[in-house]
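Work through the exercises below with the sequence and the model open. Each task sentence is followed by a solution in steps.

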Amino acid sequence: TPAAGRIEFDNVTFGFPGAETPVINSASFVAEPGKTTAIIGSTGAGKTVLLNLMLRLYDPQQGSVTIDGAPVDKLTRAQLAESISLVPQRPYLFGGTIATNLRFGRTDASDDELWEALRVAQGEDFVREKELGLDEPVSQGGTNVSGGQRQRLSIARALVAKPLVYLFDDSFSALDVATDARLRAALPDATEGATTIIVAQRVSTITEADQILVMEGGEIVGRGTHDELLTDNEVYQEIVRS
Ligand code: DCP
Ligand code: MG
């Protein structure tokens, strides 16, 4: 079968060297192509570490992470980067221009593709306002760009790369609710067919997800749709109330 971007965690346990308790404890789930998997849970629950395990920033002590059946530890980080685009919790911009930053994952992208990605990422307006548009200089670390703009450029960069798998680590919580809603309305078309994994803080960001994983203390303590979890998961109910 052709590469599709199906991610499977099978009984994955990971702890940082020297730490007594694991940060991820016996995690099993499947994230399917064409579907959105959301991850929610309190700070320190292990959401970022879970995403980083897919990119092999760390390797688990137990269990396996596979993409389309292939163990990720048989792939190099460069190979993984071709299949998976991560929008990190703290996005990073390189010294260059807006265009060079957006083309980081795919250097042959046309200007039209960059504008389309910016439109979806809700970054089109602020780039159009720049005197040089796509050629506007960006300083190393993106210090001449606001935090929200950096976030949107980082989302647009992932869209330009057209990966099999998108990982959004808390990419929408810094956006105001209306912008978050517009972005999520545009996202399904832009990411069609891909595996989308969204770490979120706001429940409103993920109510439409095909599958929601609830994390607490490194464990997946609930899974289901929004309606299912509202009915039967106390941790999720608590998150909704807070
Ligand atoms: N941790 C660690 N060393 C690191 C990164 C994390 O010891 N280099 C610990 C801190 C937490 C746990 O791992 O106890 C999980 O960290 P995560 O970053 O995965 O937590 P979240 O992403 O869920 O939290 P947040 O919502 O604050 O981003
Ligand atoms: Mg995190």
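Two strands pair if DSSP finds at least two bridges between them; helices (H or I, at least four residues) and strands (E, at least two) are DSSP runs, numbered from the N terminus. The model is predicted: local features need pLDDT of at least 70, side-chain atom pairs count only at pLDDT 80 or more, and totals for chains, interfaces and linings use all residues. Residues are numbered from 1 along each chain as its sequence is written, chains are lettered from A and ligands numbered from 1 in the order in which they are written, and side-chain values use heavy atoms, with hydrogens and water left out.

**Exercise 1.** Derive the strand order of the open sheet that contains β1 and β4.

Step 1. Strand β1 (residues 7-14) is joined to strand β4 (residues 62-67) by 5 bridges, and the two run antiparallel. Within this pair, I7 faces I67 of β4, and D10 has S64 as its bridge partner.

Step 2. β1 is also joined to β2 by 5 bridges, again antiparallel. Here V12 stands opposite A27 of β2.

Step 3. The sheet has 4 strands in the order β2-β1-β4-β5, with antiparallel pairing. Because β2 (24-31) and β5 (70-71) each have a single partner strand, they stand at the edges, and one side of each is left without a neighbour in the sheet.

Step 4. Add the helix: α1 (residues 47-54) lies across β1, β2 and β4 (contact: heavy atoms within 4.5 Å). Its direction is at about 120° to β1; axes are lines fitted to C-alpha atoms, for helices over the stretch in contact, and angles run from 0 to 180 degrees between N-to-C directions.

**Exercise 2.** Describe the open sheet of 6 strands and the helices that pack on it.

Step 1. The order is β6-β9-β10-β3-β11-β12, and the pairing is mixed. β6 (84-87) and β12 (219-224) are the edge strands, each pairing on one side only. On average, neighbouring strands are turned by 15° against each other, direction ignored.

Step 2. A parallel pair is formed by β3 (residues 36-41) and β11 (residues 211-216), over 5 bridges. In this pair A38 stands opposite I212.

Step 3. Helix α6 (residues 147-161) touches β6 and β9 (165-169), at about 175° to the direction of β6. Helix α9 (residues 234-241) touches β3, β11 and β12, at about 90° to the direction of β11.

**Exercise 3.** Which residues surround ligand 1?

Step 1. With a heavy atom within 4 Å as the criterion, the shell is F16, V23, S42, T43, G44, A45, G46, K47, T48, V49 and Q89.

Step 2. Look for polar contacts (pairs of N or O atoms within 3.5 Å; within protein, one must be able to donate a hydrogen and the other to accept it, and residues adjacent in sequence count only if both atoms are side-chain atoms). Oxygen atoms of the ligand lie 2.9 Å from a polar backbone atom of G44 and 2.7 Å from a side-chain N or O atom of Q89.
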